[in-house]
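Here are a few friendly notes to read alongside the structure. Please keep the viewer open as you go.

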Amino acid sequence: MDDKHKQAAMNALGKLHPLCELGDEQRQAMLKGAWLERLSANSILYAENDARWFTYIIDGEMALGTDKGLEEPIRAGSPRSRLPLFRVHPRDLRAETRGGCALMRFDRQLYERLSVTAIDDDAEERVVLGGGGHSLFEQIYHAYRNDELELPSLPEVATQVREALEDPTITLKAVAKILHTDPALSARLLQVANSAAYSRGGSVESIFDAVTRMGLETTHNLAVAFSLKQLFEARSPAIKERLAELYRHSTLIASLSYVLARESGHLKPERALLAGLLHDIRIIPILLYADRNPEQFEEEAELEAVIGRLRGLVGNLVLSRLGFEADLIAVTEEAELWLREGGGEADYRDLVLLAHLHSRLGSPQMHELPRIDETPAFHRLEPGEFDPVEGLELLNRARHITSALQAGLH
């Protein structure tokens, strides 16, 4: 590999899952064993021949498929390209190039020797992947690698609304008809349509009128947001409480993101609401695994350590599988990178990050985080100076908006 591609690969390692979990020295070791392959148009790569590698598309596009046909396009630079090309290796799975393509391969066994996790910080116990241990980390990582991790799926009505909006000829009446099949969701949408956020002096009583008032895109975003509540369910009391805590946190960040978007005028409030709700959905499959396998879940500290190591890896997979767009996937990966640099216009990562910081105003935790006006996100969204008192007043002025949203989310 030439120096140019080595540097590009080293820079990319910080975003490739699961390699981004490694430290700098381990990444250097992975890079020494990496190799670049260029494929011509219409080349085919079979999963069963690629099992010893983590393979990533760094240029061009490929499409994953089986004997039933090609199904999933993967383009270099997309969120999906940050995951290995093949996560499982059945005989009938293959990838075909669409034009020229460049792949980077990293040794999977070397990764497993290098990757370690702290299971108990007090005891400083370490478990090496691929060894003989049976830690919760190993079990969940094994389930991820073998495509056995239980992933959340959206309720049918939310999926139907999304599919309907992909039809450019869809009508408001057709969307309203779909929503009518879920009375609880319809009631929540009516509540929001009649709230201070959307009210225009008169109330609406039908879901058709609500969709007309809010528009198709807003209706879709709110329908998905309100449907997400069904994903936060578990059997064991400990995991049920952890999911309830996660949902309370997500709804708070979602509401603050909505308010900040309305106040700034740069981004769509309903999209911001959805971004806030989704930012920690990456944790759900890990909690569900612990819920379904109680014999593996013994210590809360161990579970939290596993979440810290795997949430980035799982988050990309969850949102990609659910069909969410790149901007929302980026939120799950970078919403808590407080000092994330980068030029250009503000995006939903910035909004969710600022929502986190606003949620800590007036609390002891605010002193553990950067000042809001020290973050690049703030200067992308609100150039100038920031007064925490004004931030609190902004949130107080917006309570009439968040109350309706919170009622709909709960």
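**Notes on three helix regions**

1. In helix α2 (residues 24–32), the buried residues (under 20% relative accessible area, 1.4 Å probe, protein chains only) are R27, M30 and L31. Viewed down the axis of α2, they fall within an arc of 100° and so line one face of the helix; the arc is taken from the directions from the helix axis to the C-beta atoms. On the other side of α2, E25 and K32 are exposed (over 50%).

2. A word on the source: this is a predicted model, where local features need pLDDT of at least 70, side-chain atom pairs count only at pLDDT 80 or more, and totals for chains, interfaces and linings use all residues. Residues are numbered from 1 along each chain as its sequence is written, and side-chain values use heavy atoms, leaving out hydrogens and water.

3. Helices α7 (residues 183–193) and α8 (residues 207–214) have axes that come within 9 Å and cross at roughly 50° (lines fitted to C-alpha atoms over the stretch in contact, with angles from 0 to 180 degrees between N-to-C directions). The two are therefore oblique to each other (neither under 35, nor over 145, nor 65 to 115 degrees). S186, L189, L190, V192 and A193 of α7 meet I207, A210, R213 and M214 of α8, with contact meaning heavy atoms within 4.5 Å.

4. Helix α13 (residues 300–322) packs with helix α14 (residues 326–334) at about 160°, their axes 9 Å apart. That makes α13 roughly antiparallel to α14. Here G315, N316, L319 and S320 in α13 meet L328, I329, T332 and E333 in α14.

Conventions:
Helices (H or I, at least four residues) and strands (E, at least two) are DSSP runs, numbered from the N terminus.
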